[in-house]
2 protein chains.
Amino acid sequence: MTHDMREVRFLLTGLGNIGRSLLEILSVRQEAMATRYGLALRCVGVADSAGAAYDPAGLDIAAVAALKRAGRSVAHLAQYDPTLSAVELAARAEADLLLEATPTNLRDGQPGLEIVRTALRTGKHAVLASKGPLVLAYGELAALASTSDGPALRFSGAVGGALPTANLGRHLAGAVIERAELVVNGTTQVILEQMAAGHGFETALAEAQRQGIVEPDPSLDVDGWDAANKLVIFANAVLGRPTRLTDLRVEGIRGVPPEALRAAWAAGGRVSLVGLAERQPDGGYTLQVGPVTLGPEHPLARLSRGEMGLVVHSDLAGRTTMASLEDGPVGTCQAMIRDIVDIYGAPAAR
Amino acid sequence: MTHDMREVRFLLTGLGNIGRSLLEILSVRQEAMATRYGLALRCVGVADSAGAAYDPAGLDIAAVAALKRAGRSVAHLAQYDPTLSAVELAARAEADLLLEATPTNLRDGQPGLEIVRTALRTGKHAVLASKGPLVLAYGELAALASTSDGPALRFSGAVGGALPTANLGRHLAGAVIERAELVVNGTTQVILEQMAAGHGFETALAEAQRQGIVEPDPSLDVDGWDAANKLVIFANAVLGRPTRLTDLRVEGIRGVPPEALRAAWAAGGRVSLVGLAERQPDGGYTLQVGPVTLGPEHPLARLSRGEMGLVVHSDLAGRTTMASLEDGPVGTCQAMIRDIVDIYGAPAAR
């Protein structure tokens, strides 16, 4: 299929695992992006915690990725501008698209929130991998992107990597979601499995930490806040309900009785930390996160280690199950590419 | 959220289970379609095997649905025009969108193929629930929809109802599919389960026929042709490979040894009729349909009765699993609504 080629000048803020992986992927797929989607992607700016680099003629993304892989910052790039912050880059760069992958900060959403806000206000499309801006300011950001000729806001990768959590509203267009169950925290899956095998909570947590899958503050995982943040985004974006973290009832996994775990596993099911949304007669939803016993017939009872999944019951589409077992940050990068293609480059027949 | 309201004048060809259900759903969701998506849908023409009715001012879709539910044809509508065929309706009506749900005819694709072709040629978007036109003429139809300002071609509901089979290319944008497994024929699932329980093939087929889930020509189901047709659409639309039915190796379920079935079930797995695409070193795909033993850990080994599912392995997104358990034609109708919203009415933030 032939396409008119479209040049897209993008900025990438945040060069951790996800940002660096994204550059590595894009650097080897430039031809595929052109051939399959008619997109000529040109990176004109990058930013990490050391600052920003900008070059309207385009940066060498493979070189940026190699620099980060070597543990160095953008201050080592020839195009590094010590006077330029990530927010100023988003404001002043001549660019069409922001890719935002700064670390998720759930206290105030910064620096991601100000970067995204600035990009949208200056007419740039925004594709987010970071949850903070969405958890804290979904309504404000969605409003900046709500006009028909305005910039687009996409965040497929912010909730469960490649799992199409944030895209479910489109998938289920026209239907009313009656109940949604999200298993989107892999760390608690591992800890609960360890506990079901007879280990105490502290031992199981230590094992998960040894595997490198626990947030620096373990409370984010084990007390349910990571899952809660994802459910907040889901409630805003898919259920269409303006929702804050304080609207949720959140319970972690510290108090799950060992005998409940053993019984669930023995029956062929398991206990998982589930984000649950249930529609109420008034059209609103109760939202909660907590440990739930999934019987052997539950579609999420057999997720593999590290796999995330969701089940949604809706009036028109019945029971929809989706699961994603992916390799570290690469799945999240794929979700960001999905968003880019969605904004610019989808072919007419699909 | 407020939207500019957009009027969409549509035609619906085919008023069997799917077409009638779609009218029933749309008739009670006019307000929801307006509020949620800014779409004012107006049905200006319908056609069934008796002919067509056209009214630029709009038909009463609840009345059309009631007529069909009573077993009558569009010839009983005041707007019935005995000189108008479905193809002529597609050619001459002042309309923006064709919804095509005539019975799937895999010999020559008619009347659906000529209806869709005509609609696209006259600049109307087309949303298909019927497989025939896609199996027989995917390339031609996709070409008619390939220009950036041309009509759109969508067919979410043609392959597995609400299961997002045809949408997978968008979901996995940027990724290379290495292997895809589709379980998209519910009838063989039921028959194989009966056979695993000790019944002979003929008895199991009779039971499925008693349940009303077998095609009038059982060969479509049990010899794998229904699954093969769906795999042909998947190969064309998602894998991007021009593919015909004759490119597939197709084996049905008549010859599955009872002992293989018993062994698979005893091990906690099952045997399913699977449509399989495997990428080859040259970038092409081998495509086959046949009975496959799914071990207990296979994500498709625990589909519920009537549930369809798929597993796709890709380089970027890892293993993606999707399943849909839906209520008769309603899931297919939801997929058609998804397509309509996708063409016209999606909000900017999603």
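Two strands are taken to pair if DSSP finds at least two bridges between them, strands (E, at least two residues) and helices (H or I, at least four) being DSSP runs numbered from the N terminus. In the predicted model described here, local features need pLDDT of at least 70 and side-chain atom pairs count only at pLDDT 80 or more, whereas totals for chains, interfaces and linings use all residues. Residues are numbered from 1 along each chain as its sequence is written, and chains are lettered from A and ligands numbered from 1 in the order in which they are written.

By the pairing criterion, strand β13 (residues 318-325) of chain A and β13(B) associate in the antiparallel sense over seven bridges. Within this arrangement, Ser324(A) stands opposite Thr320(B).

Chain B is superposed on chain A by a rotation of 180 degrees with 0.0 Å of shift along the axis (RMSD 0.0 Å), the fit being by least squares on the C-alpha atoms of residues with pLDDT of at least 70 in both copies. This is the relation of a two-fold axis. Of the residues of chain B, Met322(B) comes closest to the rotation axis, with its C-alpha at 2.2 Å.

Contact (C-beta atoms, placed from the backbone, within 7 Å) links 49 residues of chain B with 49 residues of chain A. Elements of chain B that each supply at least two residues to this side include α7 (168-171), β13 (318-325) and α13 (330-345). The contributing residues of chain B comprise 25 nonpolar, 13 polar and 11 charged, where Ala, Val, Leu, Ile, Met, Phe, Trp, Tyr, Cys and Pro count as nonpolar, Asp, Glu, Lys and Arg as charged, and the others, Gly among them, as polar.

Conventions. Contact = placed C-beta atoms within 7 Å.
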